[in-house]
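Here is a quick walk through one chain, starting at a single loop residue and working outwards. Have the model open alongside as you read.

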Amino acid sequence: SEGNLPEDIQRKFEIPIHADLSSLFIPVRQIKENIRPAWEAAAEFIESSSPPEWEGNIDQEKLETFIRHLRPTVDEIKLAVTEHGWYTIVVDSANVCMYELWLDKYDFNEYEVEAEGVAGISLGQFHTAIKNANSKSGLDVSFTQNMEYTIDDGTPVTSGLINTDSIRNTPTIPELDLTSEIKLPGEELGIVIDRVNKVAGD
(Lines give C-alpha, C1' and ligand atoms only; values in the text may rest on other atoms or scores of the structure.)
Protein backbone atom coordinates (compact mmCIF):
# COMPACT_ATOMS: atom_id res chain seq x y z
CA SER A 1 0.00 0.00 0.00
CA GLU A 2 1.49 3.36 -1.01
CA GLY A 3 -0.46 5.56 1.39
CA ASN A 4 0.95 9.07 1.45
CA LEU A 5 4.59 8.15 0.83
CA PRO A 6 6.61 10.55 -1.37
CA GLU A 7 6.32 9.59 -5.03
CA ASP A 8 10.02 8.83 -5.51
CA ILE A 9 10.02 6.08 -2.87
CA GLN A 10 6.72 4.46 -3.86
CA ARG A 11 7.17 1.07 -5.48
CA LYS A 12 4.74 -1.09 -7.42
CA PHE A 13 4.57 -4.63 -6.09
CA GLU A 14 3.01 -7.48 -8.05
CA ILE A 15 1.65 -10.64 -6.44
CA PRO A 16 1.68 -13.70 -8.76
CA ILE A 17 -1.78 -14.78 -9.88
CA HIS A 18 -1.26 -18.29 -8.50
CA ALA A 19 -0.27 -17.06 -5.03
CA ASP A 20 -2.18 -18.52 -2.09
CA LEU A 21 -3.32 -15.41 -0.22
CA SER A 22 -4.31 -17.43 2.84
CA SER A 23 -0.60 -17.98 3.41
CA LEU A 24 1.42 -15.62 1.23
CA PHE A 25 5.02 -16.55 0.40
CA ILE A 26 7.29 -13.75 -0.86
CA PRO A 27 11.01 -14.55 -1.44
CA VAL A 28 13.38 -11.98 0.06
CA ARG A 29 15.10 -11.61 -3.33
CA GLN A 30 11.76 -10.60 -4.91
CA ILE A 31 11.19 -8.00 -2.20
CA LYS A 32 14.68 -6.56 -2.74
CA GLU A 33 14.18 -6.39 -6.49
CA ASN A 34 10.84 -4.59 -6.18
CA ILE A 35 11.70 -2.27 -3.31
CA ARG A 36 15.23 -1.09 -4.06
CA PRO A 37 16.35 1.73 -1.77
CA ALA A 38 17.98 4.76 -3.36
CA TRP A 39 21.22 4.26 -1.44
CA GLU A 40 21.88 0.98 -3.28
CA ALA A 41 21.90 2.79 -6.61
CA ALA A 42 24.20 5.41 -5.09
CA ALA A 43 26.54 2.65 -3.90
CA GLU A 44 26.99 1.50 -7.51
CA PHE A 45 27.65 5.10 -8.51
CA ILE A 46 30.40 5.74 -5.92
CA GLU A 47 33.32 4.93 -8.25
CA SER A 48 32.28 7.60 -10.77
CA SER A 49 35.00 10.20 -11.28
CA SER A 50 32.88 13.18 -12.34
CA PRO A 51 32.36 15.88 -9.69
CA PRO A 52 28.75 16.91 -8.93
CA GLU A 53 26.99 20.20 -9.57
CA TRP A 54 24.72 20.59 -6.56
CA GLU A 55 23.47 23.09 -4.00
CA GLY A 56 21.22 22.86 -0.97
CA ASN A 57 20.51 23.91 2.58
CA ILE A 58 20.74 21.70 5.65
CA ASP A 59 20.63 22.14 9.43
CA GLN A 60 24.14 22.52 10.80
CA GLU A 61 23.66 19.80 13.44
CA LYS A 62 22.58 17.19 10.87
CA LEU A 63 25.57 17.84 8.65
CA GLU A 64 28.00 17.83 11.56
CA THR A 65 26.59 14.51 12.81
CA PHE A 66 26.98 12.97 9.34
CA ILE A 67 30.66 13.96 9.18
CA ARG A 68 31.43 13.21 12.83
CA HIS A 69 30.62 9.51 12.34
CA LEU A 70 33.28 9.26 9.63
CA ARG A 71 36.23 11.17 11.08
CA PRO A 72 37.50 8.50 13.52
CA THR A 73 37.81 6.03 10.64
CA VAL A 74 39.19 7.95 7.63
CA ASP A 75 40.58 11.35 6.66
CA GLU A 76 39.10 11.50 3.15
CA ILE A 77 35.90 10.26 1.57
CA LYS A 78 34.21 9.81 -1.77
CA LEU A 79 30.76 11.35 -1.48
CA ALA A 80 28.20 10.31 -4.08
CA VAL A 81 25.76 13.17 -4.64
CA THR A 82 22.66 11.84 -6.42
CA GLU A 83 19.18 13.10 -7.12
CA HIS A 84 17.97 11.21 -4.04
CA GLY A 85 20.64 12.08 -1.47
CA TRP A 86 24.24 11.75 -0.30
CA TYR A 87 25.99 8.41 0.10
CA THR A 88 29.43 7.32 1.22
CA ILE A 89 31.12 4.11 2.28
CA VAL A 90 34.41 3.96 4.17
CA VAL A 91 36.72 1.27 5.50
CA ASP A 92 39.52 1.74 8.00
CA SER A 93 43.11 1.00 6.97
CA ALA A 94 43.06 -2.40 8.70
CA ASN A 95 39.90 -3.49 6.83
CA VAL A 96 38.16 -4.11 10.15
CA CYS A 97 35.48 -1.41 10.32
CA MET A 98 33.17 -0.46 7.46
CA TYR A 99 30.55 2.27 7.52
CA GLU A 100 27.90 3.16 4.98
CA LEU A 101 26.11 6.47 5.48
CA TRP A 102 23.10 7.76 3.60
CA LEU A 103 21.69 11.29 3.95
CA ASP A 104 18.33 11.40 2.19
CA LYS A 105 17.33 14.50 0.24
CA TYR A 106 14.38 14.89 2.64
CA ASP A 107 16.91 15.55 5.44
CA PHE A 108 17.76 18.79 3.63
CA ASN A 109 15.76 22.00 3.71
CA GLU A 110 16.61 22.57 0.03
CA TYR A 111 18.10 20.11 -2.44
CA GLU A 112 18.86 20.91 -6.10
CA VAL A 113 20.93 18.70 -8.40
CA GLU A 114 22.23 20.00 -11.71
CA ALA A 115 24.51 17.01 -12.28
CA GLU A 116 25.05 13.89 -10.19
CA GLY A 117 28.64 13.07 -9.35
CA VAL A 118 31.19 12.04 -6.73
CA ALA A 119 33.05 14.59 -4.61
CA GLY A 120 36.41 13.88 -2.97
CA ILE A 121 36.39 15.55 0.44
CA SER A 122 39.04 16.15 3.11
CA LEU A 123 37.03 15.53 6.27
CA GLY A 124 39.28 17.70 8.47
CA GLN A 125 38.74 20.86 6.41
CA PHE A 126 35.07 20.11 5.77
CA HIS A 127 34.32 19.44 9.44
CA THR A 128 36.19 22.56 10.59
CA ALA A 129 34.18 24.73 8.21
CA ILE A 130 30.92 23.23 9.54
CA LYS A 131 31.89 23.59 13.22
CA ASN A 132 32.95 27.22 12.78
CA ALA A 133 29.69 28.14 11.07
CA ASN A 134 26.90 29.82 13.01
CA SER A 135 23.50 29.69 11.39
CA LYS A 136 20.05 29.07 12.82
CA SER A 137 18.47 28.99 9.37
CA GLY A 138 20.67 26.17 8.07
CA LEU A 139 23.87 26.08 6.07
CA ASP A 140 23.97 26.73 2.33
CA VAL A 141 26.23 24.07 0.84
CA SER A 142 27.27 23.65 -2.78
CA PHE A 143 29.55 21.51 -4.94
CA THR A 144 30.73 22.61 -8.37
CA GLN A 145 32.27 20.77 -11.29
CA ASN A 146 35.20 23.17 -10.93
CA MET A 147 36.30 20.91 -8.04
CA GLU A 148 35.17 23.29 -5.27
CA TYR A 149 32.71 23.26 -2.42
CA THR A 150 31.26 26.16 -0.44
CA ILE A 151 29.75 26.26 3.05
CA ASP A 152 27.88 29.48 3.69
CA ASP A 153 26.34 30.69 6.96
CA GLY A 154 26.35 34.29 5.74
CA THR A 155 30.12 34.29 5.38
CA PRO A 156 30.99 31.77 2.64
CA VAL A 157 33.96 29.44 3.01
CA THR A 158 35.19 27.88 -0.24
CA SER A 159 37.70 25.06 -0.54
CA GLY A 160 38.89 22.61 -3.18
CA LEU A 161 37.72 19.05 -3.63
CA ILE A 162 40.16 16.14 -3.78
CA ASN A 163 40.72 14.11 -6.92
CA THR A 164 38.69 10.96 -6.22
CA ASP A 165 41.32 8.80 -7.97
CA SER A 166 43.70 9.56 -5.08
CA ILE A 167 41.29 8.21 -2.45
CA ARG A 168 41.48 4.57 -1.49
CA ASN A 169 38.84 2.36 -3.09
CA THR A 170 36.53 0.35 -0.87
CA PRO A 171 37.35 -3.39 -0.83
CA THR A 172 34.93 -5.54 -2.86
CA ILE A 173 32.24 -7.14 -0.72
CA PRO A 174 31.37 -10.70 -1.84
CA GLU A 175 27.81 -11.25 -3.05
CA LEU A 176 26.14 -13.54 -0.52
CA ASP A 177 23.07 -15.55 -1.48
CA LEU A 178 21.39 -16.16 1.86
CA THR A 179 18.30 -18.14 0.93
CA SER A 180 15.30 -17.19 3.04
CA GLU A 181 11.63 -16.40 2.71
CA ILE A 182 8.92 -14.51 4.52
CA LYS A 183 5.64 -16.25 5.32
CA LEU A 184 2.66 -14.05 6.16
CA PRO A 185 -0.94 -15.15 6.62
CA GLY A 186 -2.99 -13.19 4.08
CA GLU A 187 -5.56 -12.03 6.65
CA GLU A 188 -2.90 -10.63 9.00
CA LEU A 189 -1.13 -8.94 6.08
CA GLY A 190 -4.38 -7.17 5.24
CA ILE A 191 -4.69 -5.91 8.83
CA VAL A 192 -1.11 -4.59 8.77
CA ILE A 193 -1.72 -2.75 5.47
CA ASP A 194 -4.92 -1.20 6.85
CA ARG A 195 -3.10 0.06 9.93
CA VAL A 196 -0.22 1.46 7.87
CA ASN A 197 -2.75 3.27 5.70
CA LYS A 198 -4.35 4.84 8.76
CA VAL A 199 -0.98 6.04 10.09
CA ALA A 200 0.07 7.36 6.67
CA GLY A 201 -3.27 9.10 6.30
CA ASP A 202 -2.78 10.91 9.62
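Let's begin with Glu-47, which is partly exposed at a relative accessible area of 42%; here partly exposed sits between buried (under 20% relative accessible area) and exposed (over 50%), using a 1.4 Å probe and protein chains only. This is a predicted model, in which local features need pLDDT of at least 70 and side-chain atom pairs count only at pLDDT 80 or more, while totals for chains, interfaces and linings use all residues. Residues are numbered from 1 along each chain as its sequence is written, and side-chain values use heavy atoms, with hydrogens and water left out.

Glu-47 sits in the loop that runs between α2 (38-45) and β2 (53-58). Helices (H or I, at least four residues) and strands (E, at least two) are DSSP runs numbered from the N terminus. Setting aside neighbours within four places in sequence, Glu-47 contacts Lys-78, Asn-169 and Thr-170, contact being heavy atoms within 4.5 Å. From C-alpha to C-alpha, Glu-47 and Val-118 are 7.6 Å apart in space, with their positions 71 residues apart in sequence.

Lys-78 and Val-118 turn up again around Thr-164, whose contacts are Ser-48, Ser-49, Lys-78, Val-118, Ala-119 and Gly-120, not counting residues up to four places away in sequence. Thr-164 belongs to the loop between β10 (156-160) and β11 (181-184). Is Thr-164 buried or exposed? Buried, with a relative accessible area of 6%.

Now for the helix pair. Two packed helices are described by the angle between their axes and the distance between the axes. For α3 (residues 60-68) and α4 (residues 123-132), the angle is about 155° and the axes are 10 Å apart; axes are lines fitted to C-alpha atoms, for helices over the stretch in contact, and angles run from 0 to 180 degrees between N-to-C directions. That makes α3 roughly antiparallel to α4, a label used for angles over 145 degrees. From the α3 side, Gln-60, Leu-63, Glu-64 and Ile-67 meet Leu-123, Phe-126, His-127, Ile-130 and Lys-131 of α4. By class, this contact has five nonpolar, two polar and two charged residues, where Ala, Val, Leu, Ile, Met, Phe, Trp, Tyr, Cys and Pro count as nonpolar, Asp, Glu, Lys and Arg as charged, and the others, Gly among them, as polar.

Lys-131, in helix α4, is partly exposed, with a relative accessible area of 47%. Leaving out residues up to four places away in sequence, Lys-131 touches Gln-60 and Glu-64. Lys-131 is also 9.1 Å from Glu-61, C-alpha to C-alpha, although the two are 70 residues apart in sequence.

Two loop residues deserve a look for their backbone. Most residues other than glycine have a negative phi. Asn-95 and Met-147 go the other way, as tabulated.

| Residue | Phi | Loop | Relative accessibility |
|---|---|---|---|
| Asn-95 | about 60° | between β4 (85-91) and β5 (98-104) | 47%, partly exposed |
| Met-147 | about 65° | between β8 (139-144) and β9 (148-152) | 32%, partly exposed |

Zooming out, the chain has five helices and 11 strands. Of its 202 residues, 32% count as buried. Among contacts between residues at least 6 apart in sequence, 68% join residues at least 24 apart. The accessible surface of the chain is about 12,800 Å², with 49% of that belonging to carbon and sulfur atoms; accessible areas come from the Shrake-Rupley method with a 1.4 Å probe, and for residues only the protein chains shown count as cover.

Definitions and conventions: Parallel < 35°, antiparallel > 145°, perpendicular 65-115°, else oblique.
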